[in-house]
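Work through the exercises below with the structure open. Try each task before reading its solution.

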Amino acid sequence: MPLSEDEERILQEIAQRFYEDDPSFAREVSETTLYRHTVRRMKWSVVGLIAGAVFMVAMLSNPWLAFAGFLVMLACCLVFERNLRKLGKAGLDQLARSVRANGLRDALGGAGQRMRERFKRDTDDR
């Protein structure tokens, strides 16, 4: 059911005040996608997989600790696979479009850019 003109006007006023009151939060909300949380978990599982592999190789002298590294790797693979299934074809297509449009660095979260901005704010405050 479509909104009446009054309801549309009120909604536009609310949105305009939202963007005026907190522009950084409004920008973050507009950039957030449905699949962001799933992709974040997939990135962390890859990091865990690499850390588990390094730990396993480093602990080859102790078979139990090496086995623990293998279990970490296995758990990370399972988390990655489960989140890949949650992402589905539509999410993979959206992720691919995002990578093509923004580049791989931005699609992977732009953590380096966020850290540079944070350090810049800290130095500006002093």
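**Exercise 1: a helix pair**

In this predicted model, helix 3 and helix 4 are roughly antiparallel to each other.

Task: Show how the axes of helix 3 and helix 4 lead to that description.

Solution:
- Start with the method. Two packed helices are described by the angle between their axes and the distance between the axes.
- Locate the pair. Helix 3 covers residues 36-58, and helix 4 covers residues 63-102.
- Take the distance. The two axes come within 8 Å.
- Take the angle. The axes of helix 3 and helix 4 cross at roughly 155 degrees.
- Apply the cut-off. Angles over 145 degrees count as roughly antiparallel, so helix 3 and helix 4 fall in that class.
- Add the hand. The crossing of helix 3 with helix 4 is left-handed.
- Sort the contact residues. Between helix 3 and helix 4 there are 19 nonpolar, six polar and two charged residues.

**Exercise 2: one residue**

Task: Is N83 buried or exposed?

Solution:
- Find N83. It sits in helix 4.
- Read its relative accessible area. For N83 this is 4%.
- Compare with the cut-off. Buried means under 20%, so N83 is buried.
- List its partners. Leaving out residues up to four places away in sequence, N83 touches T38, R41 and M42.

**Exercise 3: the whole protein**

Task: Which elements make up the protein, and how many?

Solution:
- Count them. The protein has six helices and zero strands.
- Write the order from the N terminus: α-α-α-α-α-α.
- Check burial. Of the 126 residues, 14% are buried.
- Finish with the surface. The accessible area is about 10500 Å², and carbon and sulfur atoms hold 61% of it.

Definitions and conventions. Residues are numbered from 1 along each chain as its sequence is written. This is a predicted model: local features need pLDDT of at least 70, side-chain atom pairs count only at pLDDT 80 or more; totals for chains, interfaces and linings use all residues. Side-chain values use heavy atoms; hydrogens and water are left out. Helices (H or I, at least four residues) and strands (E, at least two) are DSSP runs, numbered from the N terminus. Buried means under 20% relative accessible area, exposed over 50%, partly exposed in between (1.4 Å probe, protein chains only). Accessible areas come from the Shrake-Rupley method with a 1.4 Å probe; for residues, only the protein chains shown count as cover. Contact means heavy atoms within 4.5 Å. Axes are lines fitted to C-alpha atoms, for helices over the stretch in contact, and angles run from 0 to 180 degrees between N-to-C directions. Angles under 35 degrees count as roughly parallel, over 145 as roughly antiparallel, 65 to 115 as roughly perpendicular and the rest as oblique. A crossing is left-handed if the near helix is turned anticlockwise from the far one by less than a right angle, and right-handed if clockwise. Ala, Val, Leu, Ile, Met, Phe, Trp, Tyr, Cys and Pro count as nonpolar, Asp, Glu, Lys and Arg as charged, and the others, Gly among them, as polar.
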